Amino acid sequence: SPCGACLKRKTEQKDIQALDVFFSGGEHIHWIAQERMIPMKKLWLCLLALLTAITTALPALSVQAAGPEITAPSAVLMEASTGRVLFQKEPHQQRPCASITKVMTLCLVFEAMDSGRLSLEQALTTSAHAASMGGSDIWLEEGETMSVDDLLKATVIMSANDAAVVLAEAVAGSEDAFVEQMNQKAQQLGMNDTVFKNCNGLDEEGHVTSAYDVALMSRELLRHEKIFDYTLTWMDSVRNGETQLVNTNKLIRSYTGITGLKTGTTGEAGSCITATAQREGLSLIAVVLGADTTDHRFQDAAALLDYGFAGWKAVVPEMPALEPVPVSRGMVSQVQPVAGEAPQLLLEAGETGQVKTEVVYETLAAPVCAGDTVGKIRYTLNGELLAEVPLTAEDDVEEMSFLSLFRTLLEEMLSLQ
């Protein structure tokens, strides 16, 4: 029987013959070998190794281009500062979202605190309606009082349905009135796929949203930085330690950069999550609706976040040097421009060095007031405008007149004395 070395040589010869055919009979390869004085066999083996590497890499590149594999029927990955969608799968499919509903409830509660209508220390009394809630709760009894702070802990960390209703009634007087406010807020945010029927996400006919809409209201909630005090808490308690709270979002213990946000599970909604994370200034929102298991929802959310952090960067470009802007008919001939805040640009990995910066000045004539727009800085990529930063006048420039000239001349004469 042939030895292993012989079999290997025969296999290599067959591969080389195949490459000869592939490269139009091999004339070009033979010419390269003669010109470079490279042994033919060695050259063919190098080409074979190169083709093998390329064909091995192609599937990985295809997966990266297509995005992450998501098991859930509906998902969205959104960049928080711009609202740009980086990945989507059935983003507008209307579905129940279980306790993800509480994201909107929390938005309205934090707005009430910002306006002074609620405070963290304020004690609220549990109604019979609130005490009647089922599902996930902290077993509030009718007439029991609890601070807004503890009710927020229970709502965010433990996803307590009864606590959410107590907060809703405090804001609007009743859950029904609060739900009206929820739907009004949803319309303001452009959540066109959403209809709320309750404030806690218990299954109810017609109570629907979409992955895209969940991302929108999650983005709104992130404006209230106090929420992170609750979303990043793994364990806490209420009732002086008698009732323990354990966070339902296990990603806060396993995913680097996680900041929140909310989980939800019911029979109709399946396992859902809106997961938020931040790394190096890039803030992402990953929404997964209808996963078949809790493990799959966390895996899908992590895959979305991984995809976003690997593929995009948040970049703050350097400000260019600013020249004084000429001013005609003014008591001075120019004014110094002042730039606004540098923008944060969302760029795909590899694009960071391709952004072009252009300073555009306006044609100015006196009078010019401090704060007037005198130009702008434009940031573009491949001809597409990414951001503009306004330039404003640092000082006033008075219009030239006989009176102003006389006053200036008089001041100069007095200064010489």
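A residue is called partly exposed here when its relative accessible area lies between the buried limit, under 20%, and the exposed limit, over 50%. With that in mind, and remembering that this is a predicted model, begin the tour at a charged pair.

Select K226 and D229, whose side chains meet in a salt bridge with an N to O distance of 2.8 Å. K226 has a relative accessible area of 35% and is therefore partly exposed, and D229, with a relative accessible area of 45%, is partly exposed as well.

Next, move to helix α6, which covers residues 148-157, and display D150 and K153. These two residues form a salt bridge in which the closest N and O atoms are 3.5 Å apart. Because D150 and K153 are three residues apart in the helix, about one helical turn separates them. Are these partners buried or exposed? D150 counts as buried at 19% relative accessibility, and K153 counts as buried at 15%; for D150, the cut-off that matters to this reading is that buried means under 20%.

For a set of linked charges, select E111, K185, E220 and R223 together, since these residues are joined in a network of salt bridges. Over the model, the count of salt bridges comes to eleven.

Now turn to the strands, and colour β13, β18, β17 and β15 in that order, which is the order in which the four strands form an open sheet with antiparallel pairing. At the edges are β13 (337-339) and β15 (356-361), each of which pairs on one side only. If you look along the sheet from one strand to the next, the twist averages 30°.

Stay with the edge strand β15 and add its neighbour β17, residues 373-381: the two run antiparallel and are joined by six bridges. To see one such pairing, pick T357, and then find Y379, its bridge partner in β17.

Which residue's side chain meets that of R378 in a salt bridge? Select E388, for which the N to O distance to R378 is 3.4 Å. The pair links distant parts of the chain, with E388 in strand β18 (residues 384-393) and R378 in strand β17, ten residues apart. E388 is partly exposed, with a relative accessible area of 38%, while R378, at 22% relative accessibility, also counts as partly exposed. As a closing view, keep E388 and R378 on screen with the sheet, in whose order β18 and β17 stand next to each other.

Notes:
Residues are numbered from 1 along each chain as its sequence is written. This is a predicted model: local features need pLDDT of at least 70, side-chain atom pairs count only at pLDDT 80 or more; totals for chains, interfaces and linings use all residues. Side-chain values use heavy atoms; hydrogens and water are left out. Two strands pair if DSSP finds at least two bridges between them. Axes are lines fitted to C-alpha atoms, for helices over the stretch in contact, and angles run from 0 to 180 degrees between N-to-C directions. A salt bridge is a side-chain nitrogen of Lys or Arg within 4 Å of a carboxyl oxygen of Asp or Glu. Buried means under 20% relative accessible area, exposed over 50%, partly exposed in between (1.4 Å probe, protein chains only).
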